[in-house]
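User: I would like to learn how to read the features of a structure such as this one, taking one kind of feature at a time. Could you show me the model before we begin?

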Amino acid sequence: MTQDVIRLPTSPRTALLSAAATLALTLGSAQAAPLDVEKDQLKLGFIKLTDMAPLAIAAEKGFFEDEGLSVTLEPQANWKVLLDRVISGELDGAHMLAGQPLGATIGFGTQANVVTAFSMDLNGNGITLSNEVWERMKPNLPKGADGKPLHPIKADALKPVIAQYRAEGKPFTMGMVFPVSTHNYELRYWLAAGGINPGYYAPNDVSGQIQADALLSVTPPPQMPATLEAGTIFGYSVGEPWNQQAVMKGIGVPVITDTEIWKNNPEKVFGVTEGWAAKNPKTHLALVKALIRAAMWLDENGNANRAEAVKILAKSEYVGADAKVIANSMTGTFEYEKGDKRAVPDFNVFFRYNATYPFYSDAVWYLTQMRRWGQIAEAKPDSWYDETARKVYKPEIYLKAARLLVEEGKAKEADFPWASDGYKPLDEGFIDGIAYDGRKPNEYLTKLPIGLKGGQAVQGGQLVGG
């Protein structure tokens with residue numbers, strides 16, 4: 001893959017920051033000089049998805065520069081390459097799947113201690129099916145008075161279609177972006193809520209397809225539409241703009257957004273290695289400060305800046321997709337079947353609802369799904385989930401950065417959850433109505449009809465134990 005790189009060199013403006021800060025204080029402003037960072041030349045990685053927006057905005061709006069940082073943003077070929085390059089030190093940090101720091105820390109795939117002090121967004125994904133599958137599925141859907149399908153569309157309507165394909169001798173294949181991606185877990189959750197088994201992992205079989213009714217496999221996000229069009233897969237779960245791309249190309253139909261599967265679910269995080277964070281604590285703080293400001297800008301005044309954000313993201317060095325495709329979801333709407341555009345104001349959330357705060361309960365949910373599908377092979381006590389979440393998610397760093405912004409007059413005191421213990425209240429925003437309490441992960445697992453629970457394990461292709 002040819003890598004497009006944008007470099008933001010230190011300008012005379014940066015050199016004058018200290019003097020400007022002194023003048024601002026004289027005038028009674030809360031402006032402050034940037035932190036005395038340990039490293040001011042940084043290379044950060046990302047994947048070409050709209051939820052990398054905080055990085056692009058922090059660069060374009062000078063928020064990195066305000067913190068004394070000269071940043072190079074570099075797109076990566078896929079999530080594995082991105083993670084490997086952060087671990088090796090080739091990248092200082094990156095836009096990551098929320099499950100990546102957790103998966104690495106517990107040793108699923110690559111083993112490395114990776115931490116996050118910043119959640120990049122909420123929501124932003126969808127599940128798209130091929131036109132053929134959609135046509136077979138539509139007769140099973142309840143419809144409103146306008147004749148259009150009622151939303152949210154549940155996987156119950158897909159179950160008989162999968163049975164038809166099986167009867168025709170066709171395995172039902174779907175794409176997701178990475179084994180520890182939100183997309184994988186959301187797709188699995190949606191399928192399982194409709195009585196469709198998405199398959200298990202085992203220590204000696206990491207395909208994730210053991211006992212599967214639908215076979216899920218990894219496909220890089222930008223390749224999803226072409227792979228669907230080629231007939232290699234019948235559907236996929238991915239972030240934007242690749243669901244809306246299928247609509248624009250006329251090759252598929254997005255049937256559900258992730259906010260309909262799990263309302264206001266955490267999506268990406270900004271990750272660095274534990275060693276890098278320990279070596280560069282002030283640089284880490286500076287990065288988080290800049291990213292918080294970018295997230296605020298993206299959501300402020302009722303998403304008033306989204307049209308400008310779309311133009312920025314459309315640039316080849318960022319997402320590089322047609323602005324119209326990006327705008328289809330980024331500006332508060334989402335198009336399902338061609339012409340069926342509906343208001344989804346929270347499809348992309350970057351700051352409101354405490355979107356940027358790294359909640360332990362979010363980490364625990366990902367860990368429950370890893371356990372549910374066999375990526376965590378053996379049962380763990382509730383205390384293990386909490387300890388692992390605290391090892392990876394660093395809200396104390398986030399709040400320190402937020403406090404600095406408040407003191408500088410760049411953020412409002414009321415916008416941050418200062419008193420949080422890291423756990424959200426009982427969450428009842430799931431499509432199957434099953435409530436989630438992050439403090440009781442094993443109890444939560446027992447409520448899920450499909451998936452490992454208790455002492456169960458996958459051995460020789462079968463579920464054993466109890």
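User: Which residue stands opposite Pro75 in S3?

Analyst: Please keep in mind that this is a predicted model. Phe46 is the residue that stands opposite Pro75 in S3, and the pair belongs to a ladder in which strand S2 (residues 41–46) and strand S3 (residues 70–75) run parallel, joined by 6 bridges.

User: How many bridges pair S2 and strand S4 (residues 93–97), and in which sense do these strands pair?

Analyst: S2 and S4 are paired over 2 bridges, in the parallel sense, with Leu44 standing opposite Gly93 in S4.

User: Where does Asp40 lie, and which residues does it touch when those up to four places away in sequence are not counted?

Analyst: Asp40 lies in the loop between helix H2 (17–26) and S2, and with that exclusion in sequence it touches Gly68, Leu69 and Ser70. Asp40 and Ser70 are 30 residues apart in sequence, yet their C-alpha atoms are 5.8 Å apart in space. Asp40 counts as partly exposed, because its relative accessibility is 38%, which falls between the cut-offs of 20% for buried and 50% for exposed.

User: How should I read a nonpolar core, and which residues have the most contacts inside the largest one?

Analyst: The general idea is that, in soluble globular proteins, nonpolar side chains tend to be buried together. Here the largest nonpolar core has 88 residues, and Leu158 and Trp190 are those with the most contacts inside it. Helix H17 (residues 360–372) gives the largest share of this core, 7 residues, and the core draws at least three residues from each of domain 1 (41–123 + 265–358 + 394–424) and domain 2 (126–261). A second, separate core has 57 residues, among them Val37, Val115, Leu285 and Ala401.

User: Which residues does Leu158 touch, leaving out those up to four places away in sequence?

Analyst: With that exclusion, Leu158 touches Leu129, Val133, Met137, Phe172, Trp190, Leu191 and Ile196.

User: How is the packing of two helices described, and what are the values for H14 and H15?

Analyst: Two packed helices are described by the angle between their axes and by the distance between those axes. For helix H14 (residues 281–303) and helix H15 (residues 306–313), the angle is about 145° and the axes are 9 Å apart. Trp297, Leu298, Asp299 and Asn303 in H14 meet Arg306, Glu308 and Ala309 in H15, a contact that by class has 3 nonpolar, 1 polar and 3 charged residues.

User: Which peptide bonds should I inspect for the cis form, and where do their prolines lie?

Analyst: The peptide bond from His151 to Pro152 is cis, with omega near 5°, and Pro152 lies in the loop between helix H7 (131–137) and helix H8 (159–167). Another cis bond joins Glu240 and Pro241, with omega about 15°, and Pro241 is found in the loop between strand S12 (235–239) and helix H11 (242–249).

User: Asn123 has a positive phi although it is not a glycine; is Asn123 buried or exposed?

Analyst: Asn123, whose phi is about 65°, lies in strand S6 (residues 122–123) and is buried, because its relative accessible area is 0%. Asn301, which is found in helix H14, also has a positive phi, near 50°, and is a residue other than glycine. Asn301 is classed as exposed because its relative accessible area is 66%.

Notes. Residues numbered from 1 in each chain as written. Predicted model: local features only at pLDDT ≥ 70, side-chain atom pairs only at ≥ 80, totals over all residues. Heavy atoms only, no water. Pairing = 2+ DSSP bridges. Core = buried A, V, L, I, M, F, W, Y, C linked by side-chain atoms within 4.5 Å. Buried < 20%, exposed > 50% of the residue type's maximum accessible area, 1.4 Å probe, protein only. Domains from an automatic or database assignment. Contact = heavy atoms within 4.5 Å. Axes fitted to C-alpha atoms, helices over the stretch in contact; angles between N-to-C directions. Nonpolar A, V, L, I, M, F, W, Y, C, P; charged D, E, K, R; others polar.
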